[in-house]
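Subject: Handover of a structure

Dear colleague,

Please find below the structure that I am handing over to you. My notes on its metal sites follow directly after it.

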Amino acid sequence: HEAKESRMPIRVFSPHLGAAAGRRRVLETDLRRALANHEFLLAYQPKVDAGSRRIVGAEALIRWQHPEKGLLSPAGYIHLAEEIQLIVPLGEWALRAACFQNKLWQDAGLPPIQVAVNVSAHQFKREDFVETVQRALDDSGLEARYLELEITEGALLQGSHDVLHALRGMGIVLAIDDFGTGYSNLSYLKDLPVDKLKIDQSFIRDIVRDPSDAAVAQAIINVAKSLRMKVVAEGVEDRQTFDILEGLHCDEIQGYYCGRPQLPDEFIQLLRQGFAMPEEDIHIIRAKE
Ligand code: C2E
Ligand code: MG
Ligand code: MG
Ligand code: MG
C-alpha cells in the first residue's frame with residue numbers, strides 16, 4: 001500500500017512555473033477529460049474533382065465540443081495533444097470515427113467518397129499502426145480504398161517505408177500533407193510509395209496575385225505528375241484560384257470556396273447534392289454535365 005502511494009505523481013504548485021505552465025497544465029487535464037467524456041467530433045470538408053467539380057472525398061478534421069467554450073478548432077490544443085502523446089488515442093479515435101461515418105454514408109445509399117484522416121508522427125511511428133488501421137477497417141466494414149491517410153513530410157521521415165508499403169498493399173490511399181513546407185527533397189520523394197501530394201495552403205493563398213506562387217504550384221504539379229501522383233490543392237478560397245488550379249491540371253481542390261468543414265448532419269446535404277460550390281457558380285457544374 002505504501003509503495004503504491006509513493007509512486008503517485010506528486011503535484012505541487014510552484015509559483016516559478018509561471019502562468020503559462022499553469023494554463024498548460026489545466027489544458028492538459030481538460031484534454032484528457034474531454035477524450036474520456038467523448039467531447040471530440042469530426043468535421044468533414046469536401047474535396048472536389050477539379051474537372052467535374054463533383055465531391056470525391058472529404059477530410060476529417062477534429063473539433064472539440066467544449067462544455068463552456070463551444071466548438072473548438074485544433075489550433076489551440078493539437079500541439080499539446082502531440083506533446084503529451086494524447087494524439088495517439090485521440091488520433092485512433094478519429095481514424096475509427098471516420099471509417100464508421102463513411103461506411104454509414106455508404107450504407108445510406110450516398111455516393112461513395114474517400115474520407116481522409118490526418119495521422120501524426122507519434123501514431124505513424126508506432127509498431128502497431130498498421131494493425132490499428134486494419135482493425136478500424138475490419139470493425140467498421142469500410143473498404144480500404146475509401147480510406148485515405150494524410151501524413152506530413154516530417155512525420156513520413158520518422159516512420160518506415162515498410163509501413164507505407166503495408167498500408168498501400170491493403171489498398172489505402174496515402175497522401176503527403178502540407179507539401180512544400182517541410183523537407184521536400186526530390187530524391188526522397190521519388191522513392192516514397194504515396195499516391196497523392198497536397199500542396200500546402202501557403203503556396204495557394206496568393207496564387208491569383210503572385211506569379212511566383214503560381215510558378216511554385218505549377219512546379220509541384222509537374223513533379224507529382226511525373227511521379228504518377230495525384231495533386232490536391234488546399235486552402236482554395238475563391239473562384240479565380242480554383243480556375244487557375246484547374247488550368248494547371250491540379251486533380252482535386254479543397255478549401256472554403258468548395259465548402260467549409262462541416263459536422264455530419266450538414267455535410268450529408270452536400271453529399272446528396274454531389275457537389276459543393278456557391279449557389280452562383282452552380283451553373284458551371286450544370287454546363288459541364
Ligand atoms: P491540415 O491537415 O493541413 O488541414 C487543413 C486545415 O486548413 C484545416 O484546419 C481546415 O479547416 C483549413 N482550411 C481548409 N480550407 C481552408 C481555406 O480555404 N482557407 C483557410 N484559411 N483554411 C482552410 P483545422 O480544421 O483547424 O485543422 C488544423 C490542423 O489540425 C490540420 O491541418 C491538421 O494538421 C490538424 N488536425 C486536424 N484534425 C486532426 C486529426 O484528426 N489528427 C491529427 N493528427 N491532426 C489533425
Ligand atoms: Mg490534412
Ligand atoms: Mg494540410
Ligand atoms: Mg496543416
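A donor, as the word is used here, is an N, O or S atom within 2.8 Å of the metal, with 3.2 Å applied to Na, K and Ca. Please bear in mind that the model is predicted.

On that basis, the donor residues of the magnesium ion (ligand 3) show the sequence spacing D-D-x55-E. They are Asp177 (OD), Asp178 (OD) and Glu234, the last of which is listed with OE twice, and the distances run from 2.1 to 2.6 Å. Asp177 belongs to strand S6 (residues 173–179) and Glu234 to strand S8 (residues 230–234), so this pair joins parts of the chain that lie 57 residues apart in sequence. Asp177 is buried, at 6% relative accessibility, and Glu234 is likewise buried, with a relative accessible area of 6%.

The magnesium ion (ligand 2) is held by Glu59 (OE), Asn118 (OD1), Glu150 (OE) and Asp177 (OD), at 2.0 to 2.2 Å. Along the chain, its donors follow the spacing E-x58-N-x31-E-x26-D. Glu59 in strand S2 (residues 55–66) and Asn118 in strand S4 (residues 114–119) are 59 residues apart, and this pair links distant parts of the chain. Glu59 counts as buried because its relative accessibility is 4%, under the 20% limit. Asn118, in contrast, is partly exposed, with a relative accessible area of 29%.

Which residue coordinates both magnesium ions, ligand 2 and ligand 3? Asp177 does so, and the two ions are 3.9 Å apart.

With kind regards

Terms used
Residues numbered from 1 in each chain as written. Chains lettered and ligands numbered in written order. Predicted model: local features only at pLDDT ≥ 70, side-chain atom pairs only at ≥ 80, totals over all residues. Heavy atoms only, no water. Helix = DSSP H or I, 4+ residues; strand = E, 2+ residues; numbered from the N terminus. Buried < 20%, exposed > 50% of the residue type's maximum accessible area, 1.4 Å probe, protein only.
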